[in-house]
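Got the viewer open? Load the model, switch on side chains, and follow along stop by stop.

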Amino acid sequence: MQTNEAGQESEIKQVIRSLCMMNNRFMNFMLDDNKEAAQVFLRVILGDDKIKVRNVRIQSFIQNIYGHSSQLYILAQDSKGRYFNVEVQRSDEGAPARRARFYSSILDTHFLQPGKLYEELPDTYVIFITENDVLHDNLPLYNIRRRIDENAKCFEDGSHIIYVNSQRRDDTALGKLMQDLYCTDPKNLHYHEFAERMEFLKYSKEGEEKMTDVIEEYAARKAEVVAKEAAKEAAEATAKENKIEFAKGLLADGMSIEFTVRHSKLSEAEVRELASKLTA
């Protein structure tokens, strides 16, 4: 029993230590109330080293009584009152243009309080860090803003959508940030603001206990795999029993070994063994 528990604990440690920030849940733990780490993300992505993060929250649920509600993975606010929603999207289907538009609108409706003027609506940034280059132009970064078609001038409404292509992992500041997103060893991180938190989460007992939902997700996935394997084995066993019963019926009706093999899909050795038992 102790051996099984020790093996399971070792397996959990391996799972935790294999995580990188491209895993949304692990990213959440890395940035939860970690203003310095969130600041690195925003400064590098926006190219502004003067950004000062005031607060950062994870799993912020925004209720929309008139339609679809949203859960923002990482929500940060800076000293200028701007709001930043940062999400990792590993699936191309998770980062469509209209989802970015919807998230932008959710931020607007949530952060303009009743009685406030429209001019007081804060600037918002929806940032999708995508595993693949979902916009297909091989750019490291896509800054998306509204513009006036007739003169190509930006329509300054304060809303920003940014797609970050994590496949571009070169030696630029942004490229090194993308390298860090795939890094599993805190010793190999470029940005020290991530290293201490990753070390804590992966190599301390307190860190492991903090990541209970990651472990629960792993346990649920493993249970699902075990259940599928058990169901597959049961189905295969049932199919084999059906083949055996079918073969027995053919042999009992006087069919030849060759005929029975061909139609029952059993091996010749299996059919001959059945035949010998029937004639015994």
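**Stop 1: the cavity**

Select L31, A38, F41, L42, I74, A76 and V86: these residues line the largest cavity. Before going further, note that this is a predicted model, where local features need pLDDT of at least 70, side-chain atom pairs count only at pLDDT 80 or more, and totals for chains, interfaces and linings use all residues. Residues are numbered from 1 along each chain as its sequence is written, and side-chain values use heavy atoms, with hydrogens and water left out.

A cavity here is a set of points, on a 1 Å grid over the protein atoms alone, where a 1.4 Å probe fits but cannot get out; a pocket is an open set with protein on both sides within 12 Å along at least five of seven lines, and lining residues have an atom within 4 Å of a point. Points are joined across faces, edges and corners, and a volume is the space filled by probe spheres set on them.

The structure has 1 cavity of 30 Å³ or more, and the largest cavity holds about 40 Å³ of space. Which elements each supply at least two residues of its lining? Color helix 3 (35-46) and strand 2 (70-78) to see them; helix 3 gives the most, with 3 residues. (Helices, H or I with at least four residues, and strands, E with at least two, are DSSP runs numbered from the N terminus.) By class, the lining is 7 nonpolar, no polar and no charged residues. For that count, Ala, Val, Leu, Ile, Met, Phe, Trp, Tyr, Cys and Pro are nonpolar, Asp, Glu, Lys and Arg are charged, and the others, Gly among them, are polar.

While you're in strand 2, click on L75. At 2% relative accessibility, L75 counts as buried (buried is under 20% relative accessible area, exposed over 50%, partly exposed in between, with a 1.4 Å probe and protein chains only). Now add R57: it is 18 residues from L75 in sequence, but 5.3 Å away in space, C-alpha to C-alpha.

**Stop 2: the rings**

There are 6 aromatic pairs to look for. Rings of Phe, Tyr and Trp (its six-membered ring) pair if their centres lie within 6.5 Å; planes under 30 degrees apart are stacked, over 60 edge-to-face, and the rest tilted.

Go back to F41 and add F194: this pair is tilted, at 5.4 Å centre to centre with 50 degrees between the planes. F41 is in helix 3 and F194 in helix 6 (residues 192-203), 153 residues apart, so the pair links distant parts of the chain. Both F41 and F194 are buried.

Next, pick Y103 and F128. Their ring centres are 6.3 Å apart and the planes sit at 75 degrees, so this pair is edge-to-face. Y103 belongs to helix 4 (residues 97-111) and F128 to strand 4 (residues 124-130), 25 residues apart. Y103 is buried at 6% relative accessibility, and F128 is buried at 0%. Add F102 and Y163 to the selection, and you have a cluster linked by ring pairs.

**Stop 3: the pocket**

Stay with helix 4, which supplies 6 residues, the largest share, to the lining of the largest pocket. That pocket has a volume of about 280 Å³. Of its 14 lining residues, select the closest to the centre: A100, R101, I144, R146 and I161. Helix 4 and strand 6 (159-165) are the elements that give two or more residues. The lining divides into 6 nonpolar, 4 polar and 4 charged residues.
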